[in-house]
Every structure is written in structure tokens, then in C-alpha cells.
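Me: I should like to work through a protein model with its ligand, one question at a time. Please give the reasoning before each final value or name.

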Amino acid sequence: MFVYSDNAATTKMSKTAMDTMFSMLEEVYGNPSSLHTAGQTARERLEEARKTVADCLNADEREIYFTSGGSEADNQAIISAAKAGERKGKKHIISTKIEHHAVLHTLERLEKQGFEVTLLDVGRDGIVKVPDLEAAIRPDTALVTVMFANNEIGTIQPVAEIGNICRSKGIIFHTDAVQAAGHLHIDVKAMNIDMLSLSAHKFHGPKGVGALYARKGTALTSIIDGGAQERGKRAGTENVPAIVSMAAAFKEACGNIDKNAGYVIAMRDRLIAGLEKIPHSVVNGDRENRLPNNVNMCFEGIEGESLLLMLDAKGIEASSGSACTSGSLDPSHVLLALGLPHEVAHGSLRLSLSEYNTPEEMDYIIEKVPGIIEYLRNMSPVWEELESGRREHFID
Ligand SMILES: *Cc1c(COP(=O)(O)O)cnc(C)c1O
């Protein structure tokens, strides 16, 4: 059996997205900035896509800027809000310890430029505490950036509450909604979101394309200099086939949120129930406020990387920590933020599902994982210490 269960890293393109992309590549090759018919045809399709993306978020099409993906949208949103704050003498930014590196590394760069950054802790449940956020707000706070849903542990953050607080205090609120877009209902107006990032390849669209929503009146700084595309805020000839394909994928995903969530949640919970039976294992992140597709667990006494390779040999593709941190020896910053010790955080497994998975695949995973864990534990010096009582179990 072959089971792709790494949808938080990327998804396969839907048939709709693929058909749209192929036909665009074949037929709509004009440059949207050209005045001739081929150009204007591309322009029309581009603006239709903008309207589609806006509608899915309850935004206005003039509030949507196309980017090369989630990382670029995060960078532009945060840099824009920082520069706007700086002009008013506000150089304080609030975020969390569990953000994606596209956010954390942008904040580190700003710190070197003299901005002050407060990174909020999360509880053991992987959720930011709203009172902590309120307490961190200062008169010079320019920006709050808190992700909609976490890419590793799937926890959903109290975005509407945070939006409400920020709006009442006149602070810009950005949310990295890359894991949420197309999977959870998003209403930028009702949730008082000023800026939002999304990425097509996380909802069965193509890679290398995304969007930044910026509420009317929110100052945007261009981070790529060149032509006047995207109303002067993002230079470079638009990737029209990818953008139109993204819009098709987004519309499809947004139209099926409830249907897909019901189906995927049932598989998620079946998987958790099966894997939880493994001794000394724990589910990371809150069980209720959680993405429909996310399973994240730690197994004491093993290395996540070894587990991944053995799973891959059985046809199961999963992840340990985030795709971006794997390859480095540091355990996931998200799992450490939950208060897990290094050695426990190393033994993590993330299975992220989609509507293309089946319940039979879940049973296959449940069948294979326990034996692999037992095998790895039997050769693990850490496990031996745990079992002999020389080291204390962290997980019961
Ligand atoms: C994938 C991801 C990103 C990066 O998006 P790209 O389109 O790959 O640049 C940013 N934030 C989160 C939460 C993600 O899951």
C-alpha cells in the first residue's frame, strides 16, 4: 500500500487545478500588462482569479495581492507593518514561539534593524493565551502576527478574539493562514484581520504561488522592485496559469470545507485512537481546536527520522517536525514550545491527511507503526535507560 500523509508539507494538485493550469499554459500565454488581445485575455483571467480568491475570504478583490507563495506573503506583510509602524515611532511587534520560519526569521531580521519582538509562549495545548497577548501590548506595538493554524501540531489559534483586540487598539493584525486557507472557514471582515497569507500548494493548488490579503488602507511596502504589477506592490510578470489554477483550487476547497472536514476528522480520530495505544506516546496539541487533517504524536525512546525512513519503506510518507527543519539536528521549535524535553521532541511523528486518503490507509498505518516503534526502541540506548529506571519516563 502507498499512503501519502504529508499534506501539511504540500498537497497533490486537484484535477480541477491541474486541468485549469494546463489549459491556461496552452491557451492564455499573454502578459497581462500587454495592451493587445492576448495580454488583455490574460488580464481578464487574472482579475477573475483575484475576485475568486477575495470571495473565499469575504474580502474585496482590490485587497488581494498575488505572491510566489506563503513565505513571500508573510515577509511582505510583516515588513510592511513594521515600516508603517516605524513611521509613527512604533517599533514593537508581538508574535508567538510556534510560528512558521517565514514569520520567525523575518522577525529576527527586523530585530537586527532595531525592532523589538515579543514572542508569546503557548500552553501545553499549543494555543496562545489571549490574556498573555493583551498583557504584551504596549503603546508602541505596531503589529501582532499570530498564525491561524499551526503547521506542525495543527492547533487553531483564537484569531477572531485577537483580531477584535487589535482592531480596538488600532494595531495591525496579520495572520499566517497557510494551513487554514481552504480547510477552515475564514472571514477577514468578521475576524478583524488586517493582513493574511495563503499558499496554493497547501490546498491542492500549484506550488510557487500564493496571495497576501491586505485590508483597504493597510500600507504595503514592496519587497521586490521592478515593474508596476499588483498595483505597484509586487513587481514581476504575474504567473497567470498558476494564479488562475490557485483560484480554481481555492474555490473548490472553500466550497467543500464542511464535507471534507467531516470525512478527514473521522480518519484523523481513527488514527489517533489506534496510535495512542502505543505505550509511552502522547498526542501533541489540543484535540478540539485542531486542524481536521493533523495528527502529531511523540513516542518516547525513538528518533523521528529513523521512524520516517522505516515508514517510507512501508509506503507511508509522513514527517517529523516541519519539512523545513528536518535535515537539521535541532528538534522542532514548536514541540519545544509545548514544554517537551529535547529527547522527547526528537521522537515526533506528523501525519497530515487530506480528502484523498481513505480509512483503509489509516488502518494500514495503525498496523505498521507499533512494530516499527518496538523495533526502534529495542535498539535505542535511551529506551534502555528508560526501561531500566536509570532515566525517568516523561510520558506515561
Ligand atoms: C507551508 C507554510 C508556509 C510557507 O508557504 P510556501 O508557499 O511554501 O512559501 C508558511 N506558513 C505556514 C504555516 C506553512 O504551513
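Me: Which residue with a positive phi follows helix 9?

Reply: The model is a predicted one. Helix 9 comprises residues 304-313. The residue that follows helix 9 and has a positive phi, near 85 degrees, is Gly 315.

Me: Which residues of helix 9 are buried, and which are exposed on the other side?

Reply: A residue counts as buried under 20% relative accessible area and as exposed over 50%. By the lower cut-off, Gly 304, Leu 307, Leu 308 and Leu 311 are buried in helix 9. On the other side of helix 9, the exposed residues are Leu 309 and Ala 313.

Me: Why do the buried residues of helix 9 lie on the same side, and what arc do they cover?

Reply: An α-helix has 3.6 residues a turn, so residues three or four places apart point the same way. The buried residues here are Gly 304, Leu 307, Leu 308 and Leu 311. They are placed on the same side of helix 9 because the arc they cover around the axis is only 100 degrees.

Me: What covers the buried residues of helix 9?

Reply: The cover includes both strands and a helix. The strands among it are strand 10 (294-299), strand 11 (316-317) and strand 12 (348-352). The helix included is helix 12 (359-378).

Me: Which residues are the closest to the ligand, and which helix gives the most to the shell around the ligand?

Reply: The ligand is surrounded by 13 residues, the closest being Ser 71, Asp 176, Gln 179, Ser 199 and Lys 202. The shell divides into 2 nonpolar, 8 polar and 3 charged residues. With 3 residues, the element that gives the most is helix 3 (residues 70-87).

Me: How much of the accessible area of the ligand does the protein cover?

Reply: Several polar side-chain atoms approach the ligand: one of Asp 176 lies 2.7 Å from a ligand nitrogen atom, and one of Ser 199 lies 2.6 Å from a ligand oxygen atom. An N or O atom in the side chain of Gln 179 is also 2.7 Å from an oxygen atom of the ligand. Of the 380 Å² of accessible area that the ligand has on its own, the protein covers 87%.

Me: Is Gly 182 buried or exposed?

Reply: Gly 182 is found in the loop between strand 6 (172-176) and strand 7 (195-199). Beyond four places in sequence, Gly 182 is in contact with Phe 203, Phe 250, Ala 253, Cys 254 and Ile 257. Because its relative accessibility is 8%, Gly 182 counts as buried.

Conventions:
Residues are numbered from 1 along each chain as its sequence is written. This is a predicted model: local features need pLDDT of at least 70, side-chain atom pairs count only at pLDDT 80 or more; totals for chains, interfaces and linings use all residues. Side-chain values use heavy atoms; hydrogens and water are left out. A residue is near a molecule or strand if one of its heavy atoms lies within 4 Å of it. A polar contact is a pair of N or O atoms within 3.5 Å; within protein, one must be able to donate a hydrogen and the other to accept it, and residues adjacent in sequence count only if both atoms are side-chain atoms. Accessible areas come from the Shrake-Rupley method with a 1.4 Å probe; for residues, only the protein chains shown count as cover. Helices (H or I, at least four residues) and strands (E, at least two) are DSSP runs, numbered from the N terminus. Ala, Val, Leu, Ile, Met, Phe, Trp, Tyr, Cys and Pro count as nonpolar, Asp, Glu, Lys and Arg as charged, and the others, Gly among them, as polar. Buried means under 20% relative accessible area, exposed over 50%, partly exposed in between (1.4 Å probe, protein chains only). The arc is that of the directions from the helix axis to the C-beta atoms. Contact means heavy atoms within 4.5 Å.
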